[in-house]
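Colleague: I should like to go through this chain with you. Could you put it on the screen?

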Amino acid sequence: MTVRENIEELFARGKLAFKTEKQVCEILKIKPTEKKAVKHILEELEKDGVILKNNSGEYCSPAQIGAVSGTISGNERGFAFLIPDGKTADMKDYFIPRHSLKGALDGDRVLAAKVKGTEDEATVIKILSRGRTAVAGTFERVGGACYVVPDSAKFVPRIFVPTSLSLGAKQGDKVVCRITAYPHGKAPNGKVTEILGKSGDFFAEELSIIRNYGLYEEFPKEVEKQAESVAAEKVVLGKRRDLRGELTITIDGDDTRDIDDAVSLKRRGGNFVLGVHIADVGHYVKRGSKLDGEAYNRGTSVYFPDRVLPMLPRALSNGACSLNEGEDRYALSCVMTITPEGKRIKSEIFESVINSNHRTTYKEITALIEGDEGAAEKYPDLITMCRDMKELCEALSSRRERLGNIDLSVKEAHISLDERGEIVIPDFERTISEKIIEQFMISANEAVAERMEKAGAPFMFRVHEPPAPEKIASFLSFLSDLGISGKVSEDEPTPKQFQAILKRVAGKPCEGAVNKVMLRTMQKARYFERNLGHFGIASGCYCHFTSPIRRYPDLFIHRIIKGMLHGELDLMREKYAPVAAEEAAHCSLCERNADGAERDVDSLYKVVYMSDRTGEEYEATVSGVTAFGVFAELDNTVEGLIRLEKLPGGSYEYLEDKFVLKGERTFRLGDRIKIRVDGCDWGNMRPEFSLADMPAESGKNTQKSDEPKRERKPGKKQSTVQSVHKKGSSSAHKKGTPYAHKKGADKNTKKFVKSRQSRGKRR
């Protein structure tokens, strides 16, 4: 143990709590010649936030004064929330008023002290690290000064940029600005590093969203060069198992280019022998290499309607690592023996060489299973395999259902561009082929996780913890208001309890609403160094093994698996156990970042899609109720807002805990309504709706109310019932919005979409 580690441990145990530097040296019996080194260690520990120093020169750990470390989540009105590090179900966020931020901004990691006399208020006592190194925004000149107004209103109002560091940006340009300094009490200073285009240009706006999440298309030259070098290696069998004679196929989307997984299936003695063969990315991407460093920083591939930002350069992601048809490829194979009842009775993991016989699509496999003659003529050798795959899928699904699998039927957006370059957002339903691959991959992930846990290997599990008690109580209250009986233990909930509720509402009008609220009740899955189980799929042990081309956690565990297969388990423990927690947290953060970017870009595409449909009417489902109106979702997942002033009648009562807005008409989650598209709110990136069964002029006045944003009051519990009153409306939009909804906007949209066709399609 080093001196620093010893000091850290003694502070954690309280042995050095509230001791001065001199007292620390005395307790540790430090020699005079070593005191400078101890002083340096204490300064470093203080800088890293491991310990704190008070005005009397005494040191202590943050926990000893009730301090909490976490990340700031800002709000455009100036206040913020602290999201504690490693947050779990029983941990809460802390409210931080504007005056208590002490210069901390959205995304910063800080230490904060709880405010006495309050339950959930804190004040920042130390900024540990800045969360943003760069932001995207609009370049503006005010007098003789230059500023960048960030797209994210919850960061800062503006960033000062010296003219000499503006890169020649002009008024109204969309730019990327690197933060160079955080002067106390003043606007951050910055430097323009990239000009994206004009504010209002669709491509510039999309790219601005992507840049705000710190995402880039291009790889550093040295990374590209290394990828091309390793991709040029010839595949040799060596000591690997030769599976090139096995009937093996890949099943993916129509335009997939990075193919992670292939499957094989045969019968043996009444049982199924399922092979899940995963690209051996670890063979090419070595730990500590430049390729690995870039993959780790990215953490995941990110998918948008018109492009993909891969985790690995295309020489690997679309080339050497992709399990392309008719090409020898290195793989990690998980071969499982499964009974007709769907029980896995044996599994084996090994290095292999495979050669995919066919690159098939979900549509083709579904057609084969459904007896399509054209598909059967194209793939006569797959007819028996497809029949067996369907049978095995049903057996695995039935078994997982018996375990309590929570199968939420919540639609996801599937946005694409058609051959003419038009945005397409179809209704999407999972077919049997998607379900087959889902069940096969879950089985492999589970088999690998169980094997590695049993071996005691360092690992990165995919965990999904049970819902928090207060979330369960709110959900049960919601069910009660709908007249639905549901029994869920708040202290020890089980997946089967939630599954029983889904079965109870299946096919009923309230089914969609119950699914949505149940989803909000659940925690978010994450990566963790210890096994905590996966509540949602009712699995006691789970990981992500099947997508190493596009997810770093999969690559992380592939290396450990390969090490164990080579008899190096002790070395793997020594090498990976110390970093597993840190890298799991990093991968979870990258996943959330990618999800946010995909969600925001999807929102941009959705408002453009709906901007061509003003005046049209659609059936919709109430997807949210707030104090300022009702959210309605179309069957293709496009969601818009019906503002309070457009609803019939006068006052409304908002019952937050019950998801109800009550007035002349009552709106609750899951209600089916008919809406009219009124336009788009470009500032909030969403369509504006009204009720189609009301007169077109109903509710339109001369002024519009801003959406009320309720600031939490320190130490006080929020009321769950609000009385809200309608105000007038106008067509005014949020300051700095990228577009005005006017004649000609659709031409710009079509021009943009057409220009994007040649830039690549979504996976």
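Colleague: How many helices and strands does the protein chain have?

Modeller: The protein chain has 18 helices and 34 strands. Helices (H or I, at least four residues) and strands (E, at least two) are DSSP runs, numbered from the N terminus. This is a predicted model, in which local features need pLDDT of at least 70, side-chain atom pairs count only at pLDDT 80 or more, and totals for chains, interfaces and linings use all residues. Residues are numbered from 1 along each chain as its sequence is written, and side-chain values use heavy atoms, with hydrogens and water left out.

Colleague: What pLDDT does the protein chain average?

Modeller: The average is 87, and 90% of the residues score at least 70. pLDDT is the predictor's confidence in each residue, from 0 to 100.

Colleague: Where is the pLDDT below 50?

Modeller: Residues 696-723 have a pLDDT below 50, although the model gives this stretch 66 contacts beyond near neighbours in sequence. Contact means heavy atoms within 4.5 Å. Over residues 725-763 the pLDDT also stays under 50, and here the model has 99 contacts beyond four places in sequence.

Colleague: Turning to overall shape, what radius of gyration does the protein chain have?

Modeller: It is 28 Å, which agrees with the value near 27 Å for a compact globule of 763 residues. The radius is taken over C-alpha atoms, and the globule rule is 2.2 Å times the number of residues to the power 0.38. Along the principal axes, the C-alpha atoms fill a box of roughly 85 × 75 × 60 Å.

Colleague: And what percentage of the 763 residues is buried?

Modeller: Buried residues make up 50%. Buried means under 20% relative accessible area, exposed over 50%, and partly exposed in between (1.4 Å probe, protein chains only). Of the contacts with a separation of 6 or more, 68% join residues 24 or more positions apart.

Colleague: On to helix packing: at what angle do α15 and α17 pack?

Modeller: Helix α15 (residues 552-565) and helix α17 (residues 580-611) pack at about 155°, and their axes are 10 Å apart. That makes α15 roughly antiparallel to α17. Angles under 35 degrees count as roughly parallel, over 145 as roughly antiparallel, 65 to 115 as roughly perpendicular and the rest as oblique. The axes are lines fitted to C-alpha atoms, for helices over the stretch in contact, and angles run from 0 to 180 degrees between N-to-C directions.

Colleague: Which residues meet there?

Modeller: From α15, Tyr552, Pro553 and Phe556 meet Ala580, Glu583 and Cys587 of α17.

Colleague: What about the loop before α15; where is Thr546, and is it buried or exposed?

Modeller: Thr546 lies in the loop between β25 (526-528) and α15. With a relative accessible area of 4%, Thr546 is buried. Beyond four places in sequence, the contacts of Thr546 include Asp260, Asp261, Met441 and Arg551.

Colleague: What is the phi of Ala538?

Modeller: Phi of Ala538 is near 55°, a positive value in a residue other than glycine. Most residues other than glycine have a negative phi. Ala538 is also in the loop between β25 and α15, and counts as buried at 18% relative accessibility. Met685 likewise has a positive phi near 55°; its place is the loop between β32 (672-681) and β33 (686-691).

Colleague: Finally, which residues does Ala145 contact?

Modeller: Leaving aside neighbours within four places in sequence, Ala145 is in contact with Glu140 and Phe160. Ala145 is in strand β9 (residues 145-150), and its C-alpha atom is 7.3 Å from that of Pro162, 17 residues apart along the chain.
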